[in-house]
Amino acid sequence: MKTLLGLQQLSTRFDDAINDWGGSLLSLAIRFYVGGQFLKAGLTKVSDWSATLALFHEEYKVPLLSPDVAAVMGAAGELALPVLLFVGLLSRPAALALFAVNVMAVISYPQLFSFDCPAAINDHFYWGALLLVVAAFGPGRFSLDNILNKKP
């Protein structure tokens, strides 16, 4: 009986380690994957600012914001928030803020509710779900949040 209890404790510790380390690695992969997608979009926006402004003026229909303000806010969010995700600093707020940028991108897409909606819009739904995973479960061990939250 004593051996069985010892094996159960070992199994529980092993499961805890897999959950902790595995979840942390998964969170790191999600943060880098989704952050990379948005960083690329932000870099594309700033690489040709006049084209970006033209898109926001003529194609994207951002509610409640002027096209110029929407372009600046979108580009700023796509450039700054992924960096926070990469290093794992303010990870949950950064994931939620990037989720909001993502929602605005989906809402602003003019063909979203037509039958001509491109398959690429599905990527935004996947990215949104992954961002909610980071917001719900946190950045894991491999983050500045984890280092800064450790008690001395």
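**Helix packing and the largest pocket**

In this predicted model, helices H2 and H3 pack at an angle of about 125°, with their axes 9 Å apart. That angle makes H2 oblique to H3, and H2 passes H3 in a right-handed crossing. On the H2 side the residues involved are Trp 49, Thr 52, Leu 53, Phe 56 and His 57, which meet Pro 67, Asp 68, Ala 70, Ala 71, Val 72 and Ala 75 in H3. Sorted by class, this contact of H2 with H3 has 8 nonpolar, 2 polar and 1 charged residues.

Moving along the chain, H3 and H4 pack at an angle of about 150°, and their axes lie 9 Å apart. Angles over 145 degrees count as roughly antiparallel, and H3 is therefore roughly antiparallel to H4. The crossing of these two helices, H3 and H4, is left-handed. From H3 the contact draws on Gly 77, Glu 78, Leu 81, Pro 82, Leu 84 and Leu 85, while H4 supplies Ser 91, Ala 94, Ala 95, Ala 97, Leu 98 and Val 101. The residues of this contact of H3 with H4 divide into 9 nonpolar, 2 polar and 1 charged.

H4 also packs against H5, here at an angle of about 160° and with the axes 8 Å apart, so that H4 and H5 are roughly antiparallel to each other. Their crossing is left-handed. Among the H4 residues that make this contact are Ser 91, Arg 92, Phe 99, Asn 102 and Ala 105, and among those of H5 are Ile 121, His 124, Phe 125, Trp 127 and Phe 137. By class, the contact of H4 with H5 has 15 nonpolar, 4 polar and 1 charged residues.

The helices can also be followed through the space they border. The largest pocket has a volume of about 790 Å³, and of the 28 residues that line this pocket, the closest to its centre are Lys 45, Tyr 60, Glu 78, Ala 105 and His 124. Helices H1 (2-47), H2 (49-58), H3 (67-87), H4 (91-108) and H5 (121-137) are the elements that give two or more residues to the lining. Some of the central residues also appear in the helix contacts described above: Glu 78 belongs to the H3 side of the contact with H4, whereas Ala 105 of H4 and His 124 of H5 take part in the contact between those two helices. Taken by class, the lining of the largest pocket has 18 nonpolar, 7 polar and 3 charged residues.

How values were computed. Residues are numbered from 1 along each chain as its sequence is written. This is a predicted model: local features need pLDDT of at least 70, side-chain atom pairs count only at pLDDT 80 or more; totals for chains, interfaces and linings use all residues. Side-chain values use heavy atoms; hydrogens and water are left out. On a 1 Å grid over the protein atoms alone, a cavity is a set of points where a 1.4 Å probe fits but cannot get out, and a pocket is an open set with protein on both sides within 12 Å along at least five of seven lines; lining residues have an atom within 4 Å of a point. Grid points are joined across faces, edges and corners, and a volume is the space filled by probe spheres set on the points. Helices (H or I, at least four residues) and strands (E, at least two) are DSSP runs, numbered from the N terminus. Ala, Val, Leu, Ile, Met, Phe, Trp, Tyr, Cys and Pro count as nonpolar, Asp, Glu, Lys and Arg as charged, and the others, Gly among them, as polar. Axes are lines fitted to C-alpha atoms, for helices over the stretch in contact, and angles run from 0 to 180 degrees between N-to-C directions. Angles under 35 degrees count as roughly parallel, over 145 as roughly antiparallel, 65 to 115 as roughly perpendicular and the rest as oblique. A crossing is left-handed if the near helix is turned anticlockwise from the far one by less than a right angle, and right-handed if clockwise. Contact means heavy atoms within 4.5 Å.
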